[in-house]
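This report looks at salt bridges, a helix contact and two single residues. Please view the sequence and the structure first.

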Amino acid sequence: MPTSTPSRTSLPVADPALQMISEGICELLGFGISAINVVRGDELEVVAVHGFTSGLNAHGRRQTAEEILGTRWALSDLRDNLSRGENWGSWRFIPQERVNLHEGSWVSTTNMIDAPDAWHPHDMLIAPILGDDGSIQGCLSVDMPVSGRRPDFTQRRVLNRFAKRAQRVVRGYLERERLYERAANLETAKEFLRDASSKLSLADVLDASHDALIRGLGADGIWMATKGPHNEMVVHATPGLSWDPDPGLAALTSRNTSRYWADGTYSILCRERITDSSEWNEQAAVVNEFFETLGAGSALVVPVGADHEWLGHIVLLRSPGRPTWTDAEGRLAMELGRDFGRIVLTANAYTQERDLAQQLARADRERNRLIEAVARELRIPVNALGTSLNALAGEQTNTLPWIVQVETLTVRSAQIEGIVSDLLLLSRIRDPANAPGETTIEVSEMLDDVLDELDPDAAQKDIECVLTTPTGPAYVVGDPRELRAAFLHLVKNALTYSYRGSRVQVMLYSAGSEVTIIVADAGVGIAYEEQPEVFDPFYRGSNSALGGSRGAGLGLTLVEQITKRHHGLVELDSHPGEGTRVALTLPGVA
């Protein structure tokens, strides 16, 4: 990672927003250290760094990550290394054999592994931050992947998603610096930007900007409503202001202020002249109630936005007897509304990217866990299949040992087929784009069909399966394949964990707008501490199956997810040594 080592008497403090970005790169993307650099003339300055390690600088002196903050290095060295790198989208990867180790280089010697794709201490991974004119404004740099390996295709995709939003935040940081210089004569605006822009959640931005707006514009109270990261309206008001937003007034305010943003204007309202305003006259009674409830005499209504996007509004309030808002104050508030809008947009963008990065990380972990579980579950039957094939080759055709091996092969093949079938069904129902079918189903007929299919399994253990329908036929709308699979797994589970010679009861009830299917057994039951986990994929409890083999641990997972897809509910009641009762409730059809 490039940096250098100027002398200084005290360590600088990183910008909180940039520091959170640097921390996010390490924690969410899996790197030991990351830094954010911005251009200062012909140099780059490290303005944020996060990491828990140390490395050697160009002079062979060991530095901690914190000591890098505030150091500078030549912009020409960055350009040189970028020209040597491989294009990874937003990033440039410079392998160690192409790296130009310059005066500002910093090298880690830890976390090294012996592998073809191992990360070399001299490897560099840099994301340039470009201005609208294509000039370099800074860069993100990372080092020491936790895995010890160079990022693979999936990791690169996550890196690129994160980098695009992180670059936007850094550009916002640079824009904020320019705003500070431009607004040198507006100390209150500087305070507003400093307080609000150090927050990355919209709620924190609103809280931080409140006092600055109150002081800077001489307001007695404030009401803000801005778009959140998912386009929801987030409302903030001065503590003590009690007002339940009227839907009609909220809609009118949004319409008016979105037009104000397009026209570059604002509105001044006085309580005694509300009816004089054609823009607000349709809600005059509600506006008057608003003033009366909040004890306000006048209001300055200012749009909030960035570029061409309207993001909400600010309503600044003054008490009766205080001067009415002026056009000069309105113009100043408009400027602050524009600055505030950029901060809101940045906060929302970072929140969205952080959420997306977390979702991708969770999805990646879930995928790896699924792959490991599938490999584990298939290993035993596949190995057994191979053993039986080898044994079969040594037996004479149609002899008893030959027949035994053939039967074993058949059982193992069916086991593998069942696991694969369940995995395909799980993949299908987890796909949001794959909605369930909408066929009207007579449930008792489907349950009869399921019991017929499982009759050989029940007969093998001398278990009686009884279907009762006290309330007669019951109808639901859903996907026949999915619901049949759910019923099949419920009954199969009951048979697997029931004692020989016992009974499995299947009961069907229809009451009002609901249909309930209950499967009850008097088998081994489920330990109380394991019951919250039985719906997790591939989870199998400690109790042994009573005859036959246990499944792959997907049965109750499929039951729960299929039921949720059909807007239903699954309830489990089990007592160790006494049995298990599972109730599946679905919306019924009259």
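Is E453 buried, partly exposed or exposed? E453 counts as partly exposed, because its relative accessibility is 42% and the partly exposed class lies between the buried limit of 20% and the exposed limit of 50%. The model is predicted, and that holds for everything below.

**The E453 salt bridge**

E453 pairs with R484 in a salt bridge. Their closest N and O atoms are 2.5 Å apart. The pair links distant parts of the chain. E453 belongs to helix α11, residues 443–453. R484 belongs to helix α13, residues 480–496. The two residues are 31 residues apart. R484 is also partly exposed, because its relative accessibility is 24% and the buried class ends at 20%.

**Packing of α11 on α13**

The same two helices pack against each other. The angle is about 50°, and the axes are 10 Å apart. That angle makes α11 oblique to α13. The crossing of α11 past α13 is right-handed. Which residues of α11 and α13 make the contact? From α11 come V443, M446, L447, D449, V450, L451 and E453. From α13 come P480, L483, R484, F487, L488 and V491. Of the residues in this contact, 10 are nonpolar and three are charged, with no polar ones. Both partners of the E453 and R484 salt bridge are listed in the contact.

**Other salt bridges**

How many salt bridges does the count come to? The count is 15. Three of the pairs are set out here.

| Pair | N to O distance | Separation along the chain |
|---|---|---|
| E453 and R484 | 2.5 Å | 31 residues |
| R150 and D123 | 3.0 Å | 27 residues |
| R565 and E482 | 2.9 Å | 83 residues |

The R150 and D123 pair joins two loops in distant parts of the chain. R150 sits in the loop between β10 (136–145) and α4 (153–182). D123 sits in the loop between β8 (106–107) and β9 (124–130). Is D123 buried or exposed? D123 is buried, because its relative accessible area is 0%. R150 is partly exposed, because its relative accessibility is 27%.

R565 and E482 form another salt bridge. This pair, too, links distant parts of the chain. R565 lies in helix α14, residues 555–565, and E482 in helix α13. Both R565 and E482 are buried. Helix α13 therefore holds R484, which is partly exposed at 24%, and E482, which is buried.

Salt bridges also form a network. R40, E43, E45 and R72 are its linked members.

**Two residues in strands**

H313 lies in strand β15, residues 309–318. H313 is buried, because its relative accessible area is 6%. What does H313 touch beyond residues up to four places away in sequence? Its contacts are W223, M224, A225, T253, S254, T257, V302, P303 and V304.

T64 lies in strand β4, residues 62–64. T64 counts as partly exposed, because its relative accessibility is 32%. How far is the C-alpha atom of T64 from that of G51, and what is the separation along the chain? The C-alpha atoms are separated by 8.4 Å, and the residues are 13 apart along the chain.

Key. Residues numbered from 1 in each chain as written. Predicted model: local features only at pLDDT ≥ 70, side-chain atom pairs only at ≥ 80, totals over all residues. Heavy atoms only, no water. Salt bridge = Lys/Arg side-chain N within 4 Å of Asp/Glu carboxyl O. Helix = DSSP H or I, 4+ residues; strand = E, 2+ residues; numbered from the N terminus. Buried < 20%, exposed > 50% of the residue type's maximum accessible area, 1.4 Å probe, protein only. Axes fitted to C-alpha atoms, helices over the stretch in contact; angles between N-to-C directions. Parallel < 35°, antiparallel > 145°, perpendicular 65-115°, else oblique. Left-handed = near helix turned anticlockwise from the far one by under 90°. Contact = heavy atoms within 4.5 Å. Nonpolar A, V, L, I, M, F, W, Y, C, P; charged D, E, K, R; others polar.
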